[in-house]
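Here are a few short exercises to help you find your way around a new structure. Try each one yourself before you read the solution.

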Amino acid sequence: SDVYKRQVSTQSTGDLNKMMAMSPIVHASKVVTPTFLGIGCGDLRVPPPQGKSWYHHVRANPHNCQIRMIEYPNNGHPLDGVHAAADFAIRGTYFAEQALIGSTTN
């Protein structure tokens with residue numbers, strides 16, 4: 001978008017390099033902790049395609065990290081809908097239990 005282009009064009013190369021070094025996508029290949037990711041499809045802070053891209057990068061990492069992603073329509077950055085919050089809590093708990101059980105059998 002034009003706003004993004006104006007923001008990027010005003011940044012120095014050093015600033016852009018610092019931002020890239022801190023970007024989660026750069027570190028996706030290092031993730032080893034089982035991760036349960038909830039994506040709010042109406043998120044304005046972290047655009048859903050960025051979260052989905054990170055998810056796919058983690059899935060492809062060499063550590064074979066356990067990762068699961070659930071998308072929630074009509075939710076933003078906080079999953080604040082009653083259904084989404086409850087669903088995420090229940091599924092997240094189940095995911096954590098399975099990750100812990102799996103880690104003790106390896």
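**Exercise 1: Get the layout**

Count the helices and strands, then put them in chain order. Keep in mind that you're looking at a predicted model.

Solution. Start with the count: the protein has four helices and two strands. Next, walk along from the N terminus, and the elements come up as α-α-β-α-β-α.

**Exercise 2: Pair the strands**

In which sense do strand β1 and strand β2 pair, and over how many bridges?

Solution. First find the two strands: β1 covers residues 35–40 and β2 covers residues 67–72. They pair in the parallel sense, over six bridges. For a landmark, look at T35, which sits opposite I67 in β2. Now add helix α3, residues 48–59: together β1, α3 and β2 form a right-handed β-α-β unit.

**Exercise 3: Place Q98**

Is Q98 buried, partly exposed or exposed?

Solution. Begin with its element: Q98 is part of helix α4, which spans residues 82–105. Then take its relative accessible area, 35%. Buried means under 20% and exposed means over 50%, so Q98 counts as partly exposed at 35%. Finally, check a partner from elsewhere in the chain: Q66 is 32 residues away along the chain, and the C-alpha atoms of Q98 and Q66 are 10.0 Å apart.

**Exercise 4: Step back**

What share of the residues in the protein is buried?

Solution. Of the 106 residues, 27% are buried. Then turn to the outside: the protein exposes about 7600 Å², with 59% of that supplied by carbon and sulfur atoms. Last, the contacts: among those with a separation of 6 or more, 66% join residues 24 or more positions apart.

Key:
Residues are numbered from 1 along each chain as its sequence is written. This is a predicted model: local features need pLDDT of at least 70, side-chain atom pairs count only at pLDDT 80 or more; totals for chains, interfaces and linings use all residues. Side-chain values use heavy atoms; hydrogens and water are left out. Two strands pair if DSSP finds at least two bridges between them. A crossover is right-handed if, with the strands pointing away from the viewer, the path from the first strand over the helix to the second runs clockwise. Buried means under 20% relative accessible area, exposed over 50%, partly exposed in between (1.4 Å probe, protein chains only). Contact means heavy atoms within 4.5 Å. Accessible areas come from the Shrake-Rupley method with a 1.4 Å probe; for residues, only the protein chains shown count as cover.
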